[in-house]
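Good morning, and thank you for making time on the agenda. I would ask you to bring up the structure on your screens before I begin.

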Amino acid sequence: YPFFSRLLILYYYWFSGGVEYSLSISLGVLAFGHAAWAIDQGGWRRVAGAGIGAALAVIVGGMHELTGMTLCVVLAAAAGGAWHARAKGRWVWLALLAAAVAGLLINVLAPGNAVRAATIGEGHNLFTVAVNVAKDVVYEATAWPQDLKLWAATLVFLFTPALAERRPSWLAASSISYRRLTLAVWPTTLAIWMVVPAWAAGWRLNQRGVDGCYFLFFLGWWATLFAWTPVLRERLNKLALPARGRWQTAALTLLGVSMLLTGNTPKTIFALRESAPRWHAAQLERHRLALAAAEENRLETVLPAAL
């Protein structure tokens with residue numbers, strides 16, 4: 001029982017931390033989405049969209065420092081770009097930025113946060129930061145763009161005009177180059193997740209940190225692709241590829257095959273076909289031996305390994 005209870009505590013710690021990252025990033029996406037939608041609206045719809053987005057931005061800033069900082073950087077870039085271009089509804093971005101900063105300040109300045117910071121590792125060492133960030137880039141980040149599923153899904157996007165046509169009007173009409181802006185903001189958000197833990201505590205990315213950072217990489221990939229869609233589609237049109245529908249079908253086929261044959265799918269299939277039956281048989285045998293010991297009034301028995 002003590003071992004099992006320790007496992008529960010450990011699993012709850014990592015599960016709750018993972019949910020905190022995924023949930024806060026997802027809420028940040030919703031906040032950004034409400035702002036992007038509100039700008040294309042008018043009257044009370046714009047105000048309502050901005051209000052919902054601002055409420056979500058406060059929550060995101062208060063959930064976790066890394067996510068709050070990331071949202072502030074993204075909203076600051078959006079607000080700066082919209083203000084520079086004198087785009088319509090630019091006050092929406094400023095409202096969300098102010099809300100995100102307020103939520104982040106509540107988080108950072110909370111008394112308990114300072115107590116917690118005093119109990120974790122050794123930080124504030126530039127050499128440690130450089131070494132840890134380099135390891136995170138080499139051992140984690142370099143593998144992310146090598147995913148065949150990601151490239152197959154990108155081809156599906158490029159060969160499906162209906163997806164590209166869903167770009168908001170302000171993104172197309174603005175005089176500022178959001179393409180260059182996304183290329184600057186995307187690596188900045190990833191750097192926040194690698195540099196801040198290394199500086200504050202001397203840490204490398206743990207597994208939940210890797211998951212959160214990959215989530216941002218994934219979002220940044222599609223945001224950048226969305227911003228660069230006109231340029232990429234123009235290049236594709238210059239190639240004059242015949243039978244565009246066939247290319248779309250080929251991309252979809254490649255995506256389906258890559259989802260089945262790469263990543264965790266083969267491991268899961270192997271576990272279901274090989275490991276799971278062995279584990280089930282071992283559990284049945286352990287149960288049989290325990291019942292036999294109880295019937296014979298034996299206080300001790302030897303059970304086989306469960307795995």
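I shall speak about two pockets, one helix contact and one aromatic pair.

Please keep in mind throughout that this is a predicted model.

I begin with the largest pocket, whose volume is about 1200 Å³. Its lining comprises 39 residues, and those closest to the centre are Val29, Phe32, Val74, Leu219 and Ala223. Which helices supply at least two residues each to this lining? They are α1, spanning 2-39, α3, spanning 65-84, α9, spanning 169-173, α10, spanning 178-201, and α11, spanning 207-227. As to chemical character, 27 of the lining residues are nonpolar, 10 are polar and 2 are charged.

I turn now to the second largest pocket, which holds about 680 Å³ of space. Here 25 residues form the lining, and His64, Glu65, Arg116, Ile120 and Ala200 lie nearest the centre. At least two lining residues come from each of α1, α3, α4 (90-108), α5 (111-117), α10 and α11. Which of the helices gives the most to this lining? That is α10, with 4 residues. The lining of the second largest pocket divides into 13 nonpolar, 7 polar and 5 charged residues.

Next, the helix contact. Helix α2, residues 44-63, and α3 have axes that come within 5 Å and cross at roughly 140 degrees. The pair is therefore classed as oblique, because only angles over 145 degrees would count as roughly antiparallel. On the α2 side the contact is made by Ala57, Val60 and Gly61, and on the α3 side by Thr67, Gly68 and Leu71. These contact residues divide into 3 nonpolar and 3 polar, with no charged residue among them.

Finally, the aromatic rings. The count of aromatic pairs comes to 14. I single out the pair formed by phenylalanine 157 and phenylalanine 226, with ring centres 6.1 Å apart and 55 degrees between the planes, an arrangement classed as tilted. Where in the chain do the two partners, phenylalanine 157 and phenylalanine 226, sit? Phenylalanine 157 belongs to helix α7, residues 148-158, and phenylalanine 226 to helix α11. The two are 69 residues apart, and the pair thus links distant parts of the chain.

To return to α11 once more: this helix carries phenylalanine 226 of that pair, and it also supplies at least two residues to the lining of the largest pocket and at least two to that of the second largest. Thank you for your attention.

Methods. Residues numbered from 1 in each chain as written. Predicted model: local features only at pLDDT ≥ 70, side-chain atom pairs only at ≥ 80, totals over all residues. Heavy atoms only, no water. 1 Å grid on protein atoms, 1.4 Å probe; cavity = no way out; pocket = protein on both sides within 12 Å on 5 of 7 lines; lining within 4 Å. Points joined across faces, edges and corners; volume = space filled by probe spheres on them. Nonpolar A, V, L, I, M, F, W, Y, C, P; charged D, E, K, R; others polar. Axes fitted to C-alpha atoms, helices over the stretch in contact; angles between N-to-C directions. Parallel < 35°, antiparallel > 145°, perpendicular 65-115°, else oblique. Contact = heavy atoms within 4.5 Å. Phe/Tyr/Trp six-rings, centres within 6.5 Å; stacked < 30°, edge-to-face > 60°.
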